[in-house]
Every structure is written in C-alpha cells, then in structure tokens.
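Work through the exercises below with the structure in view. Each task is followed by a solution in steps.

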Amino acid sequence: MDVDRGRLAWWVVAAVLSGVLAVTVYSFLGTFVLGIFIYYATRPVYRRLERWIRPPTVRAVVALVTLALPAMLVVAYTTAVGLQELNQFVDAQNVDLGRVGTLLDPYLDVSSIVQDPQAFLNQPSVQEALASSASNALEYVGFLGTLFVHLFAVVIVAFYLLRDDHRLGGWFQRRFTDGSGVTEAYARAVDRDLATVFFGNIVFAFATGVIAAVSYATLDAFSPAGIAIPYPVLFGLVTGIASLVPVVGIKLVWVPLAGWLGFVAFQSGTGHAFVAVFVAVAAVVVDFVPDLLLRPYVSGRDIHLGLVILSYVFGPLLWGWYGLFLGPLVLVFVVHFARLVLPELLAGEEISPEALGGDILTASNDGEQTDVSQFESDSENGGES
C-alpha cells in the first residue's frame, strides 16, 4: 500500500490532540458553557461601549467588571439563599423532590455558607455575625478554592471571546466556509439565536428573579407579626423562572401569593395595609417595570417558546446546573440544522443557505418579533461578529 507515513503520523497527532481537547472540555463543560453565556450576556454592552472606549481590551474589562461580575455575585448569593429556603420548605413539609432533589442535594449543604440576611441582622453584634459567617466558610475552604478557579476560568473565556470574537469568526469563515454559503448562514443563524436565548430569555429571567427576591425579602423584613411572606427569596426565584412565559408568567406567582397573604390577613383581622403594599410592589416593581423596560430589549424570540422552555427544563435534569445554559445551546444548534440542512438532505436536493419549506420550529410565539440584531454589528460592515 502506498501510504504517506508523514501524513499518517500527523493524523495520529491530530487525533491525540483532539482527544485531549475533548476530555478537557468535557471535564470542565460547565465552566466553558457558563463562559459562553457570560459572553453573550455581556456582548451587547461591550459593543455599546465602543463609542466611548476604543481599545477592545479595556472595553472587555469594563464590560465584565461593571456588569458580569456583580451580576454573577448577586445571582449566586440570591440562589444560595433561595436554596436554603427550599431546604427549609422541604424539611418542614416533608416533601420528596425525587430526581430534582437528587440534583439539588450537593448544593443544599454548600449554600449554608451564605448567611441569611435576616439571620445576619438578628445577630447580637456585627462581630458575632461576621464570626459565624467566617466559621461556616472555613468548613468549605476546598470548595471555595475550586469555585474561585472555575469563576476565574469563566471570566477568562468570556474576556477573550469578547475581545477576539471577530478573529475567531474570521478564522472559522476562512477554514470551513463552503462555496454555497451554507456554513456561514448556519453559523450566523446560531450566533443570532444564541444571543436571543442567552441575552434575552435567561438574562431577563435572572433579572426578574433577583428583583422579585429582593422585593419580597425587603417586604418580609417589614411585615407585621403573623403575616410574613413565606420563603421570600425562593418565591422570588420562582418568579424569575415563571417570567419565561410571556404576559402571564410572573402573575402566576405573585397573584396566588397575594391571595394567600390576603386570606391570612382576613383570618387574623390585621395586616390589610401590608397586603395592599405587597400587591402594589409586586404589580409595579416586579411585574410591570421589568416587562416594560427590559423585555423589549432582550426578549426577541426566533425559536418556538415551547422548545425553549423544554430546553430549560430537561437541560438541568440531564446535565446538572450547567444544563440551564447547555440545553438552550444544544437546542439552537439542532433547530437550525433541522431548518437549513436536514430538509434538503432528506429531499436529496442541493443544500442552500435558505431554508426549504416553512420554519415551524422558529415561529414567533406572541405575535411580536423584537430585533435583537440592533446589539450586533455585521462583520461585512467593519464590525465584529
């Protein structure tokens, strides 16, 4: 056999390097996926800063330090307090969460290192409260060290994607673009919808969840005796998850909660003013303001809403916590493959950049289509893609 041994040796090296790279990415899959999410969530702000900050390195640092890092810390802290309240609720009601409980068990104990704000304020002195928090944190030194390393890796991934995404896009276009433009059309469609799914839906849900958790916890701190809001941070996070369903999602949480508080106030004969304040805050601060100010900028949807919600549900069940980001990512790749490539493969026709037939999987969900591309600049016009 006429074998080019040098070429064969290089293919063996390529296989070994690919295997090492695949094992590394798989071992830290959650870190890489979270880094990609932070990149898409920060990219609109990064590009808006171009008019004031020209150097891309400084611009990426400013975008991450002023937006991504504080948001990550706030969301992580709120989620930890919410997990504490979920653990208290499960213990109090003796509820069996089944598969969900198995997934949450590793995080319930770790979340105890975060001091509940109300418990922190109830300590006899600030020194005692700080000492209590420090002693809890010392029990998880190894975990905190690993968490810091992963957080650092997430920031590095997001930073270099922000700064050098145009270089990566140019390299991909030179190496893999075919003559018909299908690969480029597929890559642009995936990039556009990842920006929609990540920056739009998840960021809106996170922002709504944090706003609701802070609002409920603040109201609970001033609630009269006997009419406290049950598990305020947990209900805030549930509000954020429910916000994925447009129009009625947020109301599915705060309206029944307001009804319960009203029932308790009626039974006790007091606290009616607190219930009225709760309804006003929930309706305006939690429901109306985010929907009015945030959703028009972030929630344009090109993928069917039902598929997006299913990816949020089955992603964490299948892959763990990072499935919240990996599920939508896989969904976007699959949907656009089914839209652009699969119909023409099955029909035996030449694959073209235009979809064959209707786009059922990418139908608009609520009659409105928000243009997310206002945050993106086209590489053909000298921008970054």
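**Exercise 1. The whole chain**

What percentage of the 385 residues in the protein do buried residues make up?

Solution. The model is predicted. Buried residues account for 37% of the 385 residues. Next, take the secondary structure: the protein has 15 helices and 0 strands. Last, take the contacts between residues at least 6 apart in sequence: 71% of them join residues at least 24 apart.

**Exercise 2. Two helices in contact**

Describe how helix α8 (residues 182-221) and helix α9 (residues 232-242) are arranged, and list the residues of their contact.

Solution. Two packed helices are described by the angle between their axes and by the distance between those axes.

- Step 1, distance and angle: the axes of α8 and α9 come within 7 Å and cross at roughly 155°.
- Step 2, direction: angles over 145 degrees count as roughly antiparallel, so α8 is roughly antiparallel to α9.
- Step 3, hand: the crossing of α8 and α9 is right-handed.
- Step 4, residues: α8 contributes Ala205, Thr208, Gly209, Ala212, Ala213, Tyr216, Ala217 and Asp220. From α9 come Pro232, Val233, Phe235, Gly236, Leu237, Thr239 and Gly240.
- Step 5, character: the residues of this contact divide into 9 nonpolar, 5 polar and 1 charged.

**Exercise 3. An aromatic pair across the chain**

Classify the ring pair of Phe37 and Phe206, and say where in the chain its two members lie.

Solution. The structure holds 8 aromatic pairs, one of them formed by Phe37 and Phe206.

- Step 1, geometry: the ring centres of Phe37 and Phe206 are 6.0 Å apart, with 85° between the planes. Planes over 60 degrees apart count as edge-to-face, and this pair is edge-to-face.
- Step 2, position: Phe37 is in helix α2 (residues 29-48) and Phe206 in helix α8, 169 residues apart, and the pair links distant parts of the chain.
- Step 3, accessibility: Phe37 is buried, with a relative accessible area of 5%, whereas Phe206 is partly exposed at 26% relative accessibility.
- Step 4, cluster: ring pairs link Phe37, Phe206 and Phe325 into a cluster.

**Exercise 4. An aromatic pair within one helix**

Is each of Trp260 and Phe263 buried, partly exposed or exposed, and where do both lie?

Solution. Trp260 is partly exposed, at 45% relative accessibility. Phe263 is partly exposed, at 45% relative accessibility. Trp260 and Phe263 both lie in helix α10 (residues 251-268), 3 residues apart, about one turn of the helix.

Technical notes:
Residues are numbered from 1 along each chain as its sequence is written. This is a predicted model: local features need pLDDT of at least 70, side-chain atom pairs count only at pLDDT 80 or more; totals for chains, interfaces and linings use all residues. Side-chain values use heavy atoms; hydrogens and water are left out. Axes are lines fitted to C-alpha atoms, for helices over the stretch in contact, and angles run from 0 to 180 degrees between N-to-C directions. Helices (H or I, at least four residues) and strands (E, at least two) are DSSP runs, numbered from the N terminus. Angles under 35 degrees count as roughly parallel, over 145 as roughly antiparallel, 65 to 115 as roughly perpendicular and the rest as oblique. A crossing is left-handed if the near helix is turned anticlockwise from the far one by less than a right angle, and right-handed if clockwise. Contact means heavy atoms within 4.5 Å. Ala, Val, Leu, Ile, Met, Phe, Trp, Tyr, Cys and Pro count as nonpolar, Asp, Glu, Lys and Arg as charged, and the others, Gly among them, as polar. Rings of Phe, Tyr and Trp (its six-membered ring) pair if their centres lie within 6.5 Å; planes under 30 degrees apart count as stacked, over 60 as edge-to-face and the rest as tilted. Buried means under 20% relative accessible area, exposed over 50%, partly exposed in between (1.4 Å probe, protein chains only).
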